[in-house]
Every structure is written in C-alpha cells, then in structure tokens.
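User: I would like to learn how to read the arrangement of the chains, and then the setting of a single residue. Could you take me through it step by step?

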Protein chains: 2
Amino acid sequence: MSHTYARIAELPAHEGQPVTVRAWVTHVRSSGKVAFAVLRDGTGVAQAVFVRAEVGPEVWERFKELTLETSVAITGAVRVDARAPGGVELGVTALEIIGASPIDYPIQPKEHGVDFLLDNRHFWLRSPRQRAIFAIRSEIEQAIHDFFYDRGFLRVDTPILTAAIGERSGLFSTAYFDEGTAYLAQTGQLYGEAAAAAFGKIYTFGPTFRAEKSKTRRHLTEFWMIEPEVAWNDSADNMRLQEDFVAFIVLRCVERRRKELEELGRDMAKLERITTPFHRLDYGDAVALVQQKGSDTKWGDDLGAEDEALIVEDYDKPVFVMNYPKEAKAFYMKENPDDPRTVLCDDLLAPEGYGEMIGGSQREDDYDKLLHRIREEGLDPSAYDWYLDLRKYGTFVHSGFGLGLERTVAWICGLPHIREVIAFPRMMNRLRP
Amino acid sequence: MSHTYARIAELPAHEGQPVTVRAWVTHVRSSGKVAFAVLRDGTGVAQAVFVRAEVGPEVWERFKELTLETSVAITGAVRVDARAPGGVELGVTALEIIGASPIDYPIQPKEHGVDFLLDNRHFWLRSPRQRAIFAIRSEIEQAIHDFFYDRGFLRVDTPILTAAIGERSGLFSTAYFDEGTAYLAQTGQLYGEAAAAAFGKIYTFGPTFRAEKSKTRRHLTEFWMIEPEVAWNDSADNMRLQEDFVAFIVLRCVERRRKELEELGRDMAKLERITTPFHRLDYGDAVALVQQKGSDTKWGDDLGAEDEALIVEDYDKPVFVMNYPKEAKAFYMKENPDDPRTVLCDDLLAPEGYGEMIGGSQREDDYDKLLHRIREEGLDPSAYDWYLDLRKYGTFVHSGFGLGLERTVAWICGLPHIREVIAFPRMMNRLRP
C-alpha cells in the first residue's frame, strides 16, 4: 500500500498519483454501488469516492463505520474535479479507521445555541465557518507583523504582570511573592513609550485584560492588542500611520483571503472601498452631528456606541474623531495647545457600526502637566516614577495607538460578535474550555 | 530653517541635503573651534559637527547645554563618512533643545551593577548594546512568524486565563467573577491540540507564566513561548520540524543582523555552523554519556543543567535527547510502544551550555492511557474533559513543541542571562519598572 502522505491542500500537486490522506469525516452518502465520504484535515476539504466493485467487500463494509468526525487514513488516486466538495477527489483503494467517533458527537448538522457551541468550542472550531474566520485572523496577524517589520519598527514585548497601571478599574490581580500584588496589564503603552525613546519606532502585540462585568457583543475579558509607539510622531503623523495600517490590513485580506471572506458571505465591495485617506472629524463637530440626528450627547461627554453608529452611517470608510475633552480620556494624553479643554487624540471608528477599533493619542510630554493629571486622577505618582522620568530627562514628542485585534477581525469578517473571532473566548461567565 | 525631518537610519538617502534630525545626545566633545555631538534616535547613530565660525555664537553657546540624553532637533547637511560614529555626519546649521536632561541622569558612562540597571530599565534600554539585543529579538520574532506563515500554519492565540492547567505547581491565580479561580497559563499546548484537530497545522506565540522561586540565569516568571502543534506528525516528524525551524531562525539572524551580532561580540562562526540535521541521542545513551563523564545521574532521573552541559560539549550544533522515562515528563506525552517505560519526546539542547531551548513530544492519543496518566498525576479528570474529548471522537496522531523565546534569543546573542533579552524582565524579586 502506498504511503505517500499528503495534506488535502497539497492534493492538486499529486494529480493522477496514489496518496494517503489522514483526515476527519464530515459527511457520508452511499448508493448501492458508489459511496462518498467528505474529508477535512484543516488544510482543506476533499471527497473520497468508494466504488463497490473496485474497493472490495472489506473496505465497502468498513465504510459503514464512518460516523461524523471519525478519523481515517484513506489511500487513493487524486483526481481534480471542480464539481467535487473541495474541488478534489480520491478514488479510494484503501481505508483505515484510525479513531472511531461515537454517534453522540456533540455538534451535529443542525442548529445549536451559541452557549452550547461555546461549551463545545474545541469541536466547534472544526466547522468550515470557524476555519475561515481563523484563516482570516491569522492573515491579519501576519499582515500586522509584516507592516511594522517592513517599516523598521522593532517589536517589543511589554510585561503582562505589572505594578504600574494604565487605568484604575477592572483589574485582575495576583499575589506576587514578596512584592505584593501584581496586576494583569490593560495596556502595554506606558512601557511602549519607554521603548520608543530607546528604539524610535516600536510596536507591541499581546494579550490585555479587563475585569469588567460587561456582556456586550464587543467585550471580552481577555483580548489582543497591537500598540505602536513612535518617537517624534505628533497626532497628525499618528493618524496617518493608523490609516495606512488599517488600509494595508484590509487590502491584504482582500488579496489573500477572498475565498474565506466569501465563504463568510462578506460583501467584498465594502472592503475594497477601504483606501486612504480616512475622513477626520473634530470631536465638537461629531457632537453637533449626532445632536442633529437626535442624540442627547453634550459637549464634554464621551461618545457611546449609539453615537458612534450615527457618525459612521454617513461614511463607507473608517472615520477619525479627534481631540476629545480631557475629562473623557486618559491622563497620559497631551493637552491640545489650540484648545486646552481637549487633548490631542483620536478614536478610529470602523464602518458598518463596528465601533471603535483604534484609540490613539499624542502623549503628554510636559513633566508638570503629566504629574498634575496623575494627581488629578487620584493615581499614586510613585507608581509612575519611571514613566515620569521619560519627561524629566530629554522629553520628546511621541504618539501611539492601540488596535483591538478582535474588533478588527470581526469587522473584516463581517461578524456581529467578537466572541467568535478568538479561539477560546473569555467573558465574565466563561472560563472554559 | 529647513524641516525635512529624517530618522538617522534614513540619512544616507539624503546625502548632500539639509535635514532635521530629532534625537538624543549620547556624547559631546569640543575644541575651541569645532564641537561634536553624537546622536541616537533608536534607528541609528550619527555625529553632528558644529563649526564655530559657521554656526554663529548663539548655537555655539547652546551646544554647551547638551548633557547626556538631552533631546534635540538638529538641522544640517548630510555627509556620509565611514570614519564618523554611525558612518554619517550632519554639518550643523541649527540646534534646538527640545528636552533638557539634568546632570543626575542615572546611567552614566561607567560600570553599574545589574540591579541598578534593572531598576533603571527604562533608561538602560537606550544603550547601544540593548538596542542590538532587541533588534535581534525582533528579527527572531519576525522569522518565527515567517517560517510558519510560509508553511501554511495558522496562528492561534490560546487563552492566558484558564481553568484547565498543564502543570500543577508554580501557578499564578486570580479571582474570576463567579467562576472561581483562574490560572495564568503555563502553556497553550492543550488548546493548541484542539486547534490542530481543527486547522491541521497551528502555532501559538504568547506569554506564559511560572510562579517559581527560582533565581537562576535561565528563569523568568513571565516569558514568551512559541508552541506549534501538527495533526498527523509523529515524534520523528516533530524533530525534523524543530531542526528546520531553529536552523531557519539562526540563518535569518546571520543574514540580516550580522551588524548587531558583531556589536555584541558574538562568534559568528558558531552560528554559521547551525545547519540541519542536528544530532539525536536516546535518553539512555545520554545517561551513559554523562555517567562516563562523572555524573551521578541514574536512568529514570530527569537531566539537570549540569548533565545538559556535559552532553552538548561534544557538539557544535543543538542536540536532541529523545524518549525520556515517563516519570520525568508530563502526563500528556505518548507512551513509547518500543519501550513503555519511556515516552515519545525530545528536549533540544542549545550548544555552548545554553540548555534546553525546546521541549517537544508526540501526544498521548489513547483515551484510556491518557485518563490513567491524568489520575496517576493526581489531576482532576473533570478539568480535562474537553481535552479527553479529543481522544474520544476521532483521535489522531499529533505532536508539537514549545520553544522558549528568551532562551533562544540569549543563545543566539551569546548572552549568559536571559533577564537582558526581555524588555522588562519579571523575576521573583522584580515587578518594576
């Protein structure tokens, strides 16, 4: 028996040759003379064709044992056929059952509730739809690395366990030897700023945590953030970097993951429209716009999800809202010299109501103003001594932003809920599997 | 005044033109007529030349304010000159001081103790040596992503907050809403196995945690791991993937980071020798070898750091030690059919005494044997129900490994202590900055 093993994605290269595929069975059907098993191995889908008169009685009988998710090694000649599931067929000569799959396999070809699916996430991931999502997520992640690598950024891995913190509420904490309490990082930014002074252009790529009791479709307790920080970039430079970055990621998916996006039913025209420049809207104009559309939001308030939806409905590309009031934003954002009630910052709102995908700002580089803001927020300055140091010795203009990976993936995939775009989502009521 | 801003790495492209560089001062010297300031901006190093007769008295006086780590904007014409620090000079026409740097800047050009340097890690990162280390680390990280991307692996981000655990001791824990206690992941492997059944070939890239009171030069409480997992790979396939992977990373650094490696004084010949295949040594032969060299280690013991050093001293490439006794290794490793006292696993030992850089294994795919091992280890099978499910429904041969990023970077850089190869190291007595 031939044992040239091949993964399904490689089968077209073996056309006409006998190979052995190891895979899982996702579907079977049989007439009296011919039987079919659809196979998946994570790299693709193929159809195995059993001709009764050719495979012999033993293999024909064994075919009947193929239940959903049985794992098999199937040997046969490769035929490329556009009509077959996956576009490729195996003319079976041998069938080995590797792992049986009892008929109570949890995920059956019927509708299941999302809680049930999340309880069985280890199996749910095997569905074609999930495979498409994770191929796109993986493509986006590689695109992010390529974007920064090609532009001379150094990647810097900032700590998860921290004493200094970027925000005050919603912290997970753990005992840390004799050092007291450590908090799980909500952001790597403060460390990124120190690294930007050392290396010029840096980015982080890691998990961040929020111990918040929110149950919306846009919140997870553990999610991934990408946080570039660039020495000598001002807020305008920062927004240009953001739009170049987002347009690069979307184009990459359009070019290399069209098949998967189409599998998810994504409207490709909407993605193809995402080119620079993006529209820029001052916070004050944004408030006027949403008020005009009936919102009660007043100058000084942060913009909520409903306001964001009202703003983006007029645009088919992401929209920057710039220079929010100081009190709506974090302490480290630089005061706007043209209007000291506001800070030099931006939120980048995704189109189609996907909400904020990026928050960015120029950082306060004035020692006294920063110290004042830290105190004003009721934070302990001694926890920020090293952060203040960056302003004490050779302070520098610098800016950066944070891209929420899951929100970006959800938008590009066109999915309403971010819980589906991370392999094992963590929410306030979900820590398993 | 011209304001074509350029980063130092870009200066050669502006030869003969006036540009403005924003950077930090690392060194100054002056004669009565000419003065020099060495600048760094994270992308490179350049020398600014002040000719008294040309810059005028105001700039000449301002030069005297340039202390270590003063931030400046310096305008001048670019001259490429191999003799200058960084190989490029600016013939200064204008000097703006952006941020003064008081003379008590902590890191002075003298010897400092490592604890002091770690306390001032935010400044220590600015030294040329640290810049070289992090350029190499960043290159290694990109090489890792490129290696897997080019081979059709999907990247999967496994959870940090977990209920199921891979090992029992040394866990950080945090309260998790009404779900009880969450543990910080020591490995993503168990989740990686579920993803491999779904996507075929996957890898993880994330932080992992050990709450261990170890103070060796090879331990951190928070470090980064890369964990590929491949459906249908057996232990031999797994080792081939490991050696291809490691050789790829080293070659990439040799090709693209020679300058930084030479700055660190790395012996390039030792890296250029790292080609496949690597030597493979059975555990039993490894024990015989170290006994012959005077070790007290007996069959059944795990190999300690001293044994590892004895093993690698005969080789100038990484060495695989294969098939350890069951009791020395984790519960999820597959029993060796040729010798059931042992498991199908490997440790890949770095040359030059850098110790274990990879631990890998074929995973136990037999439901009953795995359940038995879970019970034998005193673990709670109910925490592993989803993991056992992978063996219950369509079990599959699969293998994977974990590469410790910091150990790999330390080896490639030729540095004795891994605390220097992560931006903000976390050790049992260090949580700051």
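**How the copies meet**

Analyst: Of the interface residues of chain A, 100% are also interface residues in chain B, so the copies meet through the same surface, where contact means heavy atoms within 4.5 Å. This is a predicted model, in which local features need pLDDT of at least 70 and side-chain atom pairs count only at pLDDT 80 or more, while totals for chains, interfaces and linings use all residues. Residues are numbered from 1 along each chain as its sequence is written, chains are lettered from A in the order in which they are written, and side-chain values use heavy atoms, with hydrogens and water left out.

User: By what turn and shift can chain A be laid on chain B?

Analyst: Two copies of a chain are related by a rotation about an axis and a shift along it. Here a turn of 180° with a shift of 0.0 Å along the axis lays chain A on chain B with an RMSD of 0.0 Å, the superposition being by least squares on the C-alpha atoms of residues with pLDDT of at least 70 in both. That is the relation of a two-fold axis, and in chain A the C-alpha nearest the axis belongs to A:Thr174, 2.6 Å from it.

User: Is A:Ser361 buried or exposed?

Analyst: Buried means under 20% relative accessible area and exposed over 50%, with partly exposed in between (1.4 Å probe, protein chains only). A:Ser361 has 0% relative accessibility and therefore counts as buried; among the residues that A:Ser361 touches are A:Asn238, A:Tyr332 and A:His398, not counting residues up to four places away in sequence.
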